[in-house]
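Here are some exercises to work through with the model open in your viewer. Try each task yourself before you read the solution under it.

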Number of protein chains: 4
Amino acid sequence: MLRPVVPRLRSHTLLSYATRTKLRQQQQQQQLLPRYSRNYASSSASGAVFNWQDPLASNTLLTDEELAIADTAERYCQERLLPRVLLPPPRIEAYRDENYDREILSEMGELGLLGANLQGYGCAGASTVAAGLITRAVERVDSGYRSGMSVQSSLVMGGIHEFGTTEQKEKFLEPMARGKLLGAFGLTEPNHGSDPGSMETTARQHPTKSGYFLLSGSKTWITNSPIADVLMVWAKLAETGKIRGFLVERKDCPPGTLETPPIKNKNGLRASITGMIQLDNCPVPAANMFPDVEGLRGPFSCLNSARYGISLGVMGALEDCISRARTYALERRQFKNNPLAKYQLVQKKLADAATDAAYGTLAAIQVGRLKDEGKATPEMISMIKRQNCDRALHNARVLQEIFGGNAVSDEYGIGRHVANLFVTQTYEGQSDIHSLILGRAITGVQAFA
Amino acid sequence: MLRPVVPRLRSHTLLSYATRTKLRQQQQQQQLLPRYSRNYASSSASGAVFNWQDPLASNTLLTDEELAIADTAERYCQERLLPRVLLPPPRIEAYRDENYDREILSEMGELGLLGANLQGYGCAGASTVAAGLITRAVERVDSGYRSGMSVQSSLVMGGIHEFGTTEQKEKFLEPMARGKLLGAFGLTEPNHGSDPGSMETTARQHPTKSGYFLLSGSKTWITNSPIADVLMVWAKLAETGKIRGFLVERKDCPPGTLETPPIKNKNGLRASITGMIQLDNCPVPAANMFPDVEGLRGPFSCLNSARYGISLGVMGALEDCISRARTYALERRQFKNNPLAKYQLVQKKLADAATDAAYGTLAAIQVGRLKDEGKATPEMISMIKRQNCDRALHNARVLQEIFGGNAVSDEYGIGRHVANLFVTQTYEGQSDIHSLILGRAITGVQAFA
Amino acid sequence: MLRPVVPRLRSHTLLSYATRTKLRQQQQQQQLLPRYSRNYASSSASGAVFNWQDPLASNTLLTDEELAIADTAERYCQERLLPRVLLPPPRIEAYRDENYDREILSEMGELGLLGANLQGYGCAGASTVAAGLITRAVERVDSGYRSGMSVQSSLVMGGIHEFGTTEQKEKFLEPMARGKLLGAFGLTEPNHGSDPGSMETTARQHPTKSGYFLLSGSKTWITNSPIADVLMVWAKLAETGKIRGFLVERKDCPPGTLETPPIKNKNGLRASITGMIQLDNCPVPAANMFPDVEGLRGPFSCLNSARYGISLGVMGALEDCISRARTYALERRQFKNNPLAKYQLVQKKLADAATDAAYGTLAAIQVGRLKDEGKATPEMISMIKRQNCDRALHNARVLQEIFGGNAVSDEYGIGRHVANLFVTQTYEGQSDIHSLILGRAITGVQAFA
Amino acid sequence: MLRPVVPRLRSHTLLSYATRTKLRQQQQQQQLLPRYSRNYASSSASGAVFNWQDPLASNTLLTDEELAIADTAERYCQERLLPRVLLPPPRIEAYRDENYDREILSEMGELGLLGANLQGYGCAGASTVAAGLITRAVERVDSGYRSGMSVQSSLVMGGIHEFGTTEQKEKFLEPMARGKLLGAFGLTEPNHGSDPGSMETTARQHPTKSGYFLLSGSKTWITNSPIADVLMVWAKLAETGKIRGFLVERKDCPPGTLETPPIKNKNGLRASITGMIQLDNCPVPAANMFPDVEGLRGPFSCLNSARYGISLGVMGALEDCISRARTYALERRQFKNNPLAKYQLVQKKLADAATDAAYGTLAAIQVGRLKDEGKATPEMISMIKRQNCDRALHNARVLQEIFGGNAVSDEYGIGRHVANLFVTQTYEGQSDIHSLILGRAITGVQAFA
């Protein structure tokens, strides 16, 4: 069993400043965060210092509790997650072999990293920004790990927390927060991606068993589906044609009514597990239906939270690309023994990437604050999800050029981020779809069709 | 004489909240801020509202005082400045005819808009962000007007405030804050733009007149120089070869020792006045030299403040482009009577621009806060100056495409912003130079030469 | 009167190779083409030479006649046109003052440069590529001059040649080829730019005068309209609602039936003259209507030819930008006395621009050949018009950055090209419209509305 | 054994026009080229037709022989190569499993596709363009297959043909043309990629065995090295320090003197085999050294030919991306049952890509012609290698967005092209290096260090 690197976070009991300071000192002594020890800083006359890892000092906007949570998450991710991505043989390797270690969610649960911004039910009750800092720490390692966590935390736990009955919350949230129960989120269908309103999955009254629905249909590109214990499935109620949400518990599904085959040979997010959900007259008790939410408001609200996490998460992947490219540029020498870092064309790539990372981080923090104050709108989240994913992907690709021929080796890590980030740009609202959401919000005119 | 639109701001006596609220109500009743009445907002379930003019709600980061100052500045600019840019004949038109109305600085002075973030000497003592909001209001009208103001406020007043003797401050700052005395900033030379350290202008001890220096050399692209009363000139001291700063007072220069010919036929910033400074053994009293600052630290510190103002200023120009393009796209109809706003390619342009405006604003506010806390470094300002200028220019150009053939008419205003923004990208550190400043800060290696 | 720089070209009597060779030698001796004498070339082992002014040796694709015509045109343009753009005071300056010298078309006519690809009627009967090389030579000086010529040559002469009766051809083409009679092309209306099919201008049978139509309506952004002798106006026939073409002769219009007010204060193309055409029951003889062509086929065919000319023309403007930027980069020194040309960021800008110029030229030559063989389609011309205008504009803007602060001075010429090229991207099919034309051709699905 | 799909090509005995025509008819009847049967064409008034697969009709520039060779190559590649990339289980799959089928080069050899532009020694003696059309056909399937062929044809066979003694040519070329003998090209070293002049591999006189050299050093990222029979190794002669070329025959190397370990887990080009070359005092007869060529001229000349092939090759990959994206966009329906092809944002992506494919093809054909005439310079090849790789990669990435979430599945093929094209942009001269080669050629100033 995993020994917790920090005392388990409890709801409303975040780390004190003293604890945090002590932790930091320990970390520095133990050099547990090597990325942060390579720090180069240029100081100004006033004594202020430019930190290339946080160029616009976004850390000054964080509370002590948020900093403590971020430290915990970063430490866990660098120590325990990073080594899993590329294991030396004969161990099974997560990315190369598309192998997801289910234990990861348990470990995260033990550390209090799941559903961290939810209140009660064993969740940490931290701020939206704090939860985003956790996703950033995880995605600094690999977007696939972050995806697995986002599904659990934002889509499923978040959805149950917002729309579930008291019974549903009590039954599911605590074990999910501990990583004992795994969730998946079934919205996208083979023929309906950007336009989920046209979904074909249906739920109809069980013809003989009162208080039960029968669900039928297919969902695809569902992160975690092959290993999930509970699947949040959105389906159209046969009677009304309205979309409703159901919590399908695998253990209760009769054989042949639920299949969750994995989808292999992915171009990206290979460290996460993805599959389909195939429902064939699968009986689900009415008690497992969300009571009030109807239409696309339900799934869109879940997506809204997940998209927020992505917007900070991808900044972690981008920052890791910057760090890796910078290290490579300082170590690799060509032409008169100059490090690549001395070349203008290389410096511009780094400057552009650092700028986008700094800007994207500030924007995500701002929207997180607004979210906690009830002032965030879905369009704001469309804006930061779109922009941060687009810029993370773009810059990762440009930074990859610094590695020259060596970029093709997966040991430099950057090609993996590039492949992952393409997927993040595409899922939970493809970039162009968010452009049209924003266009509609700006002009009042819709241009989807 | 100008009737103040609001009671003159005094140092440390900013508008109270009550005053501000009342002013806003008046403005709304009088529809003095038509830009803000075209508001389209989309509301979320929680009642939060997406405002395309401030997509990420940066206003929530501002204090009441800052909001009040911004309102005052916006009101003045829309009411009094905007009509001057394109006057109906037979009036002289600022932009078309490259005619700068010297009265503008007096008006700004009366409203307390000059040197607004300086303490004492009749200055408002407002925050760095507040001063930036003033530049944004001015640049929403025209970058040329903002340039004229930046020179006065940031380069000259800021420099005197930071480096001047008590006597210099007392003599110059108060009349400059009132707009009674005009300043210019002489650093760039015909052969030395990005590399001012190689300047050729010299100051040598007057051979006969004790306590005087003789300045000789040429400065070019000097905003306000033809009309300035006091010119801050940077020159190398003959004895030491070190750069020192001098306050050259036009009224005291013997004939033939100071010429400030205007430079006409500019491609952009035509509403500002630009010229050279030609010094031919011009006698300047030693009392007009800054006492302690030596080398490039002096001019670079001045530029730092001005660059900050530019970074928020250009957001105003970009926002005006968005507003103009959006209005045009809603009003212009082509193909089956659809407004241009309905076309996906148009919506994407608007979405991209609004995103960059929102991100750039947040980044500038963050750096402003850091600046007031003594935590900002020059590299941070390089970052926001470069990025905000680059993105404002890029998006303005893309938005200009929405106007189709009509863009060529200067009455739509957008071509003027495009031409102006190119200059802002270029002056006070051309974009590539800032890339290399950032590259050096990130890698620790310099790549200038 | 202008002394012809070369013997007047007659139809089917193009310059012999001997003449051309001799001319070239003379030019080299006299250094008449200074641009081409600054040649830097790098030679390969085989003795082949890289010429930065024609990187992919497009000249090898030209016939001797085409080279001779290009030489004539380049010589005329550099010697006679270029000096007119920016005259020293007190002369009137074309660009600054928006002053178009009507004599230019007469001079071009004397040299055989107008309608050069048309057969008979005093036209040179040269290839489509040859005519394109003339537009390139003219646009190397200024896009405004090329616009004035394109209207005369492609839109009006081309249209008459293709659609006119024998009488119309005989009456108009010869004096137009000589530049004695000036044309304008009236299609775009104030409310109908990209969608001319919705035009509102009408032609109805004269109620009393047999064999006459009465034309009413407004056309805008019409190059040459204020000075044109004959205006090709497209109008809907009242009886059929079908679009027909009319040749409106100014000298025959009763007072008050035709007005052609100029449009001033343009952002670009200031060296050309632009105006409106306002028709108020203007009587036009039926003999001046094109006999057979109906609908948009007529104007679109004219535009097709003009767009071809633009596609090669803008390459001239781009090449001039490259040449000017290269010269500046070699002469301007910053940081340790290095020429700007030594900086990687500068070299990349030049490399990108030279590549786009080389590619665009090859594509235009290919389409010109296909056009003469009857194998060119409008979509091909959309492709090269869109791409060459987009790339010329983009690269011109990037090259402008090399000039730093000096770019704002109109004496470096590059800002003028940037302003002009924005207009070329917009007129005769805005870039996005051509994207949708291409999209339709590729997919078979239209997406205009 | 493979039954040739067409009669084996012999040198100087290319397919006649009649044969070609007949073949085409057969192909059309048998629908062997399904890609070309999906043809959508829009016709113009003149009867000319726009073909989205060849928008600027580059085929009109090809000879009948070239068309015949292209047809043969396309047919082979679509029929025999394409199915190998993704085999159904339990077959080993080339891309997913990084498995290169050595038989491919034998098949290509039988068809006369190897070294096709070389004269004599069993090579086809076709034009440079013809050889480029073969690379395009192969890369339409997969860049990895093209890489394997390029090494054999351009780098090794081309090098021997240009620099080899008569004995070397007679010994190696004929079996290489038949695909019986496999080659590899060893230039890049672990520490010297863009700057091969600093290589560390050495050749010294054998201390005891006269007429032999001993080679020591490491080469990396060597396509085909693990399976090659003959390795062209560039090494510095110990006596002179000058770079010389050696043909290392695996069968003659004593155990322990030559190792060629494969490099696995690549991000791209997974269908090709890549490895190192490790030489430890490996004895090579002096007869296997190229007699005259010294310095970087040798390897650079080989690279020049290979780069030419890449420039046309990547157009094949891009065209395949366009074709796949277009098909997907026509078949996938979202929002009101509209095909994605109806959306403006999708159409623009297709239009941009088709334009770059058309332009890049024309430029490559032009340089191929110049090459055969002895008029091509290395800079021209830098230009088309850089631009075509850059644009192929950029557009492939943008087209990938059209597939939305489905892009992550490798069955749509586009992600594979994206991953491959990144490598093509990087190898044989990383894009930035070619920028600086061009910059040097344009300005006469070098900026490498």
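## Exercise 1: a residue in a helix

Asn420(B) is found in helix H12 of chain B, which covers residues 414–426. (Helices here are DSSP runs of H or I with at least four residues, strands are E runs with at least two, and both are numbered from the N terminus.) Before going on, a word on ground rules: this is a predicted model, local features need pLDDT of at least 70, side-chain atom pairs count only at pLDDT 80 or more, and totals for chains, interfaces and linings use all residues. Residues are numbered from 1 along each chain as its sequence is written, chains are lettered from A and ligands numbered from 1 in the order in which they are written, and side-chain values use heavy atoms, with hydrogens and water left out.

**Task.** Work out whether Asn420(B) is buried or exposed, and find what the residue is in contact with.

**Solution.**
- Step 1: check accessibility. Asn420(B) has 0% relative accessibility, so it counts as buried. (Buried means under 20% relative accessible area, exposed over 50%, and partly exposed in between, using a 1.4 Å probe and protein chains only.)
- Step 2: list the partners, skipping neighbours within four places in sequence. Asn420(B) is in contact with Tyr95(B), Asp142(B), Ser143(B), Gly144(B), Gly268(B), Leu269(B) and Arg270(B). (Contact means heavy atoms within 4.5 Å.)
- Step 3: look at Leu269(B) again. A polar atom of the Asn420(B) side chain sits 2.6 Å from the backbone nitrogen of Leu269(B).

## Exercise 2: salt bridges inside chain A

**Task.** Which helices hold Glu319(A) and Arg136(A), and which residues share a salt-bridge network with them?

**Solution.**
- Step 1: find the pair. The side chains of Glu319(A) and Arg136(A) form a salt bridge at 3.9 Å, N to O. (A salt bridge is a side-chain nitrogen of Lys or Arg within 4 Å of a carboxyl oxygen of Asp or Glu.)
- Step 2: place both ends. Glu319(A) belongs to helix H8 and Arg136(A) to helix H5 (residues 128–141) of chain A, 183 residues apart.
- Step 3: check burial. Glu319(A) is buried at 12% relative accessible area, and Arg136(A) is buried at 9%.
- Step 4: try a second pair. Glu401(A) and Lys349(A) form a salt bridge, with their closest N and O atoms 3.0 Å apart. Glu401(A) is in helix H10 and Lys349(A) in helix H9 of chain A, so this bridge ties together parts 52 residues apart in sequence. Glu401(A) is buried at 14%, and Lys349(A) is buried at 9%.

Now contrast a pair in chain D.
- Step 5: Arg102(D) and Asp229(D) meet in a salt bridge of 3.9 Å, N to O. Arg102(D) lies in the loop between helix H4 (94–97) and helix H5 (103–111), and Asp229(D) in the loop between strand S5 (212–223) and strand S6 (230–237) of chain D, 127 residues apart. Arg102(D) is partly exposed at 27%, and Asp229(D) is partly exposed at 29%.
- Step 6: go back for the network. Shared partners join Glu74(A), Arg136(A), Arg140(A) and Glu319(A) into one salt-bridge network.

## Exercise 3: how chain A meets chain B

**Task.** How many residues of each chain are in contact, and which helix gives the most to the chain A side?

**Solution.**
- Step 1: count. The contact involves 62 residues of chain A and 62 residues of chain B.
- Step 2: get the area. About 5200 Å² is buried between the two chains, with 65% from carbon and sulfur atoms. (Buried area is the accessible area, with a 1.4 Å probe, that two parts lose on being put together, summed over both.)
- Step 3: look for charges. There are 2 salt bridges between chain A and chain B. Asp352(A) and Arg386(B) meet in a salt bridge at 2.7 Å, N to O.
- Step 4: name the elements. Strand S2 (49–51) and helices H8 (297–331), H9 (344–372), H10 (378–402) and H12 (431–443) of chain A each supply at least two residues of the side touching chain B. H9(A) gives the most, with 17 residues.

Technical notes: Polar contact = N/O pair within 3.5 Å; in protein donor to acceptor, adjacent residues only side chain to side chain.
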